[in-house]
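Reader: Please take a close look at one part of this model, the place where the two chains meet. Then follow the helices and the loop that can be described around it.

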Number of protein chains: 2
Amino acid sequence: MNISPTHEDAIVVDGLQINNWSRAVLEELVAGGVSAANATITVWEGIEESLRAVGEWNQFARRNSDLMVLAGSSDEIRKAKAAGKIAILLGAQNTSLYGDDYRLVEVYAQLGVKIVQLTYNNQNTVGGSCYEPHDSGLTRFGTNIITEMNSSGVLVDLSHVGNRTSIEAAEASAVPVAVTHSNPTWFVDNPRNKPDEVITAVTSRGGVIGCCLYPNVIGGAEATLEGFCEMVRRLADQVGPDRVGLGSDCTRHWDDSFVEWLRSGRWRPPSTQTATWPTWPQWFNGPEDFPRITDGLFAVGFTETEVRGILGENWLRVFDEVFPGQEGA
Amino acid sequence: MNISPTHEDAIVVDGLQINNWSRAVLEELVAGGVSAANATITVWEGIEESLRAVGEWNQFARRNSDLMVLAGSSDEIRKAKAAGKIAILLGAQNTSLYGDDYRLVEVYAQLGVKIVQLTYNNQNTVGGSCYEPHDSGLTRFGTNIITEMNSSGVLVDLSHVGNRTSIEAAEASAVPVAVTHSNPTWFVDNPRNKPDEVITAVTSRGGVIGCCLYPNVIGGAEATLEGFCEMVRRLADQVGPDRVGLGSDCTRHWDDSFVEWLRSGRWRPPSTQTATWPTWPQWFNGPEDFPRITDGLFAVGFTETEVRGILGENWLRVFDEVFPGQEGA
């Protein structure tokens, strides 16, 4: 694939990837010109397992220090790009890593866990999930967690969070919040996508919606690149081109047991039929295909500045507003 | 108490304190001219409880930021002294905070846990304790833990560790190790004190012995200041005055339930008779009495340079040799 000069030169930030990380995956990011990614370290796991996952990431980063660095700021992302390395931001797709302890928000922030989704697919002590029949809204503990995330410089991610909880979280946060990997429900009506009320709650406060390439939220493998980019175009018209980013939700190199884990965790028995991964569209199989998105964004009429914003600069602006708030030790 | 100009001006480092930390304790450190202390965060606790303890220390430091800072280097200790604040180094008296996971050495180092004793009073997965009838020596996991402590810049503390394990640990470490709070057995014959073989293994490799004021290791409340300082003098003659420091083992503001916890943890039922704290000698009740030690050291003939070394500069030299080794993220 020819990579356009814009893509090659741009800071490309992927709002979320949940790969089975290996050197091969890092090489895919290199091939796709991805500068930085929010890498999910845990989904259902609690305090101890999440701490071990940080330890594993430290080791992985050291083993692959020629290809990547762990990063916690826009500045570090830009420096990594200049040095020809991928910047990985550690993230969690659940507040389960904090257990019942608001103090662990700062502790995990000290360890570089900078982007945390309030809930995964189930209600938790913080709020309601997008898959729950009834969304509790943000709890009292949830309000404390957001206060701690604000003061410790951790970005609140609402992607799998229920709509009511999402709006209340956006209102509770002193700094922008984000949807790292979802689309508008007017594009595909799916619990994981967001109605206009949530999109407005996030973007009107400076946050970004990371348009997502996971098959289930784009309408399956038959979705077209043009259709995806037209959705991005319409969303940019709706909320402003500086409020839109990308969050691929790449799931590279997992076998089917992992999708079963994502769905059933330890909250229910595994499915009687083995869960399987959905088929990705031919034009986006993984990080290597990011240049196609850049081409697609130009094709639907975005300017170069707008394309650079959507590819990464909009995420960096949010990081700049959220991460420096750190009051930590 | 009049504080001598030397004491007031010196960097005074306490090799170990295990207080029930509060603002009142910090004020005692201020009154005693203590510049820095290795504060025990956990003793028997595992991964999760130790992580919570770090969170609690972050909060405590923030609430008392006019009196203290969390520090992880000699430079930060000197800066804290210049700013009129106490520098606290976080430490653990057991490797239980690492669980079964050598990767957590680096993770806890990232959180500022810079001084870790290999075992508390019981054998663990790393090695043997001074109270065990048979000392296993350093285990294979223990060797890995020391390698990780070396590369992550964590000082190995041997105070409660068995003699064989201690000698093997000193040999396994690429940088100096320490006994933060014990005395020679030739002073008081107690499992917690150290025979010459251990003292030599530590000091011949650049490490420091922190002479300890805990009643049980100085011969009880009847011990005299002069006798303690004469012990320090003889030890300095034996290993060199730059290999000797102080580690008070202060236990301020705990009730008797805590001494029971220290002794019985969760490894045996509590004593049938309630455990009680020993009585401290009249001349050393806590951090406020550190100036008396300075006077006592002068009284047994140490020069001002030697006194400054014993009070803190010797610890700082060890910190300089151990802490910068960090290869972490």
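Author: What follows starts with the interface and its symmetry, then turns to single helices and a loop.

This is a predicted model, in which local features need pLDDT of at least 70 and side-chain atom pairs count only at pLDDT 80 or more, while totals for chains, interfaces and linings use all residues. Residues are numbered from 1 along each chain as its sequence is written, and chains are lettered from A and ligands numbered from 1 in the order in which they are written.

At the interface, 21 residues of chain A are in contact with 21 residues of chain B; contact means that the C-beta atoms of two residues, placed from the backbone, lie within 7 Å. On the side of chain A that touches chain B, α3 (47–63) and α5 (103–110) of chain A each supply at least two residues. The largest share, 10 residues, comes from α3(A). Helices (H or I, at least four residues) and strands (E, at least two) are DSSP runs, numbered from the N terminus. By class, this side of chain A has 9 nonpolar, 6 polar and 6 charged residues. Nonpolar covers Ala, Val, Leu, Ile, Met, Phe, Trp, Tyr, Cys and Pro, charged covers Asp, Glu, Lys and Arg, and polar covers the others, Gly among them. Of the interface residues of chain A, 100% are also interface residues in chain B, so the copies meet through the same surface.

The symmetry can be stated in the same terms. Two copies of a chain are related by a rotation about an axis and a shift along it. Here a turn of 180° and a shift of 0.0 Å along the axis lay chain A on chain B with an RMSD of 0.0 Å. The two copies are therefore related as by a two-fold rotation axis. In chain A, the C-alpha nearest the axis belongs to E48(A), at 2.9 Å from it. The superposition is by least squares on the C-alpha atoms of residues with pLDDT of at least 70 in both copies.

One residue to look at from the other chain is R52(B), found in helix α3 (residues 47–63) of chain B. Leaving out residues up to four places away in sequence, R52(B) touches D101(A) and R103(A). R52(B) counts as buried because it has 20 C-beta neighbours inside 10 Å. A residue is buried if 20 or more other C-beta atoms lie within 10 Å of its own, exposed if 12 or fewer, and partly exposed in between, with C-beta atoms placed from the backbone. R52(B) and S159(B) are 107 residues apart along the chain, and their C-alpha atoms are separated by 24 Å.

Next is helix α6 (residues 140–152) of chain B, whose 13 residues reach 18 Å from first C-alpha to last, close to the 18 Å expected at 1.5 Å a residue. The expected span is 1.5 Å times one less than the number of residues. In α6(B), the buried residues are G142(B), I145(B), I146(B), E148(B), M149(B), N150(B) and S152(B). These pack against α5 (103–110), β5 (113–117), β6 (155–157) and α7 (163–172) of chain B. After α6(B) comes G153(B), with a positive phi near 75°. In chain A, N150(A) lies in helix α6 (residues 140–152) and is buried, with 21 other C-beta atoms within 10 Å.

Helix α10 can be followed in both chains. In chain A, the 15 residues of α10 (residues 225–239) should span 21 Å, and the end C-alpha atoms are 21 Å apart, which agrees. Buried residues of α10(A) include L225(A), F228(A), C229(A) and V232(A). The buried residues of α10(A) pack against several elements of chain A, among them α12 (290–299) and α13 (304–322). Just after α10(A), G240(A) takes a positive phi of about 100°.

In chain B, L225(B), E226(B), F228(B), C229(B) and V232(B) of α10(B) meet R292(B), G296(B), L297(B) and A299(B) of α12(B). This contact has 6 nonpolar, 1 polar and 2 charged residues.

Last is the loop between β8 (244–246) and α11 (256–264) of chain A, which holds D249(A). Phi of D249(A) is near 65°, a positive value in a residue other than glycine. D249(A) counts as buried, with 24 C-beta neighbours inside 10 Å.
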